[in-house]
Amino acid sequence: MSKQSQPSNSRAAANEQSSVAVIDGDAPDEGQMRADHEAVKQEQKRHLAAYDHKTLVELLRQMLLIRRFEEKSAEAYSLGKIGGFCHLYIGQEAVAVGAISAIRKDDYVLTSYRDHGQAIAKGMSPDAVMAELFGKAGGCSQGKGGSMHMFDKSIGFLGGHAIVGGQIPLATGVAFASKYQGTDQVTLCFFGEAAVNQGAFHESLNLAQLWKLPCIYIC
Ligand SMILES: Cc1ncc(C[n+]2csc(CCOP(=O)(O)OP(=O)(O)O)c2C)c(N)n1
């Protein structure tokens, strides 16, 4: 049946109408948007007030360290000093620092190829990350991995994964191991939104929920 010949009360017609309403709808109420924004800001301030000054300064220090690190990486990459790819984390510093500051040193972090910031937040020295970018033997992966393959088991940073979504089933497996071994370790799994197109994303979250695995998925 063509769209034109569908009865107007059909589900398809209703869906079509509602999509059109979204596209052609009234402009958003700016006053309401400003009020919502202000309410979120006030809520954030209330949350921040629960932290002492020293903690907040430390979180800011880490965020600034990552930002400066990434700016230098971009500079070195544009000068041709870094081979292969170089995926930056500029603008997302608070995500890594906030999440990783809430876990312990013996907890685990796995992430995508956009991994410099999370590696630093988990405790890798910026020197080891930069040496890896430069392909030097002093890098965390002996200079053989580059930007997408930061790794250091001793601090629970289990990569740096180049395949979109590849870290998700791995993180789920790490969380399964923690549960199976009866430890109380937690695994953080960072990924970009494109990873949700991977079948393994759905399989992982399904298992994690069924088995109540200690894995936190952060998009
Ligand atoms: C399985 C797979 N398919 C394609 C690619 C090529 N690729 C590299 S980055 C990227 C986009 C990923 O986007 P997203 O996960 O949202 O992360 P973002 O880069 O936006 O942080 C793609 C498709 C890949 N690395 N792995």
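**Exercise 1. The surroundings of Cys215**

Task: In this predicted model, determine which residues Cys215 is in contact with, leaving aside its neighbours within four places in sequence, and decide whether Cys215 is buried or exposed.

Solution: Begin with the contacts, which, once the neighbours within four places in sequence are left aside, are Ala171, Thr172, Ala175, Thr187, Cys189 and Ala208. Next, place Cys215 in the chain, where it belongs to strand S4, residues 215–218. Then count the surroundings: 26 other C-beta atoms lie within 10 Å of Cys215, and a residue is buried if that count is 20 or more, so Cys215 is buried. Finally, consider Ser204, which is eleven residues from Cys215 in sequence and lies 10.0 Å from it in space, C-alpha to C-alpha.

**Exercise 2. Helices H7 and H8**

Task: Describe how the axes of helix H7 (residues 167–181) and H8 are arranged, and state which residues of H7 and H8 make the contact.

Solution: Two packed helices are described by the angle between their axes and the distance between the axes. For H7 and H8, the axes come within 8 Å and cross at roughly 20 degrees. Angles under 35 degrees count as roughly parallel, and H7 is therefore roughly parallel to H8. The sense of the crossing, in which H7 passes H8, is left-handed. On the side of H7 the contact is formed by Ile168, Pro169, Thr172 and Ala175, and on the side of H8 by Ala200, Phe201, Glu203, Ser204, Leu207 and Ala208. Sorted by class, the residues of this contact comprise seven nonpolar, two polar and one charged. Thr172 and Ala175 of H7, together with Ala208 of H8, take part in this contact, and Thr172, Ala175 and Ala208 are also among the contacts of Cys215.

**Exercise 3. Helices H3 and H4**

Task: Work out how helix H3 (residues 53–78) and helix H4 (residues 93–101) are oriented, and list the residues that meet.

Solution: Take the geometry as the starting point: the axes of H3 and H4 come within 9 Å, and the crossing is at roughly 135 degrees. An angle over 145 degrees would count as roughly antiparallel and one of 65 to 115 as roughly perpendicular, so H3 and H4 are oblique to each other. Their crossing is right-handed. From H3, the residues Leu59, Gln62, Met63, Ile66 and Arg67 meet Glu93, Ala94, Val97 and Ser101 of H4. This contact of H3 with H4 contains five nonpolar, two polar and two charged residues.

**Exercise 4. Positive phi in two loops**

Task: Gln142 and Lys212 are not glycines; state what phi Gln142 has and what phi Lys212 has, and where each residue lies.

Solution: Gln142 has a positive phi of about 55 degrees, and its place is the loop between helix H6 (126–133) and strand S2 (157–160). Gln142 has 12 C-beta neighbours inside 10 Å and so counts as exposed. For Lys212, phi is positive at about 50 degrees, and the residue lies in the loop between helix H8 (199–210) and S4. Lys212 has 9 C-beta neighbours inside 10 Å and therefore also counts as exposed.

**Exercise 5. The ligand shell and the chain**

Task: Identify the residues around the ligand, and state how many helices and strands the chain has.

Solution: Around the ligand are Arg114, Ala162, Ile163, Val164, Gly192, Glu193, Ala194 and Ala195, a shell that divides into five nonpolar, one polar and two charged residues. The chain has eight helices and four strands, which follow one another from the N terminus as α-α-α-α-β-α-α-β-α-β-α-β. Of the 219 residues in the chain, 29% are buried.

Key. Residues are numbered from 1 along each chain as its sequence is written. This is a predicted model: local features need pLDDT of at least 70, side-chain atom pairs count only at pLDDT 80 or more; totals for chains, interfaces and linings use all residues. A residue is near a molecule or strand if its C-beta atom, placed from the backbone, lies within 6 Å of it. Ala, Val, Leu, Ile, Met, Phe, Trp, Tyr, Cys and Pro count as nonpolar, Asp, Glu, Lys and Arg as charged, and the others, Gly among them, as polar. Axes are lines fitted to C-alpha atoms, for helices over the stretch in contact, and angles run from 0 to 180 degrees between N-to-C directions. A crossing is left-handed if the near helix is turned anticlockwise from the far one by less than a right angle, and right-handed if clockwise. Two residues are in contact if their C-beta atoms, placed from the backbone, lie within 7 Å.
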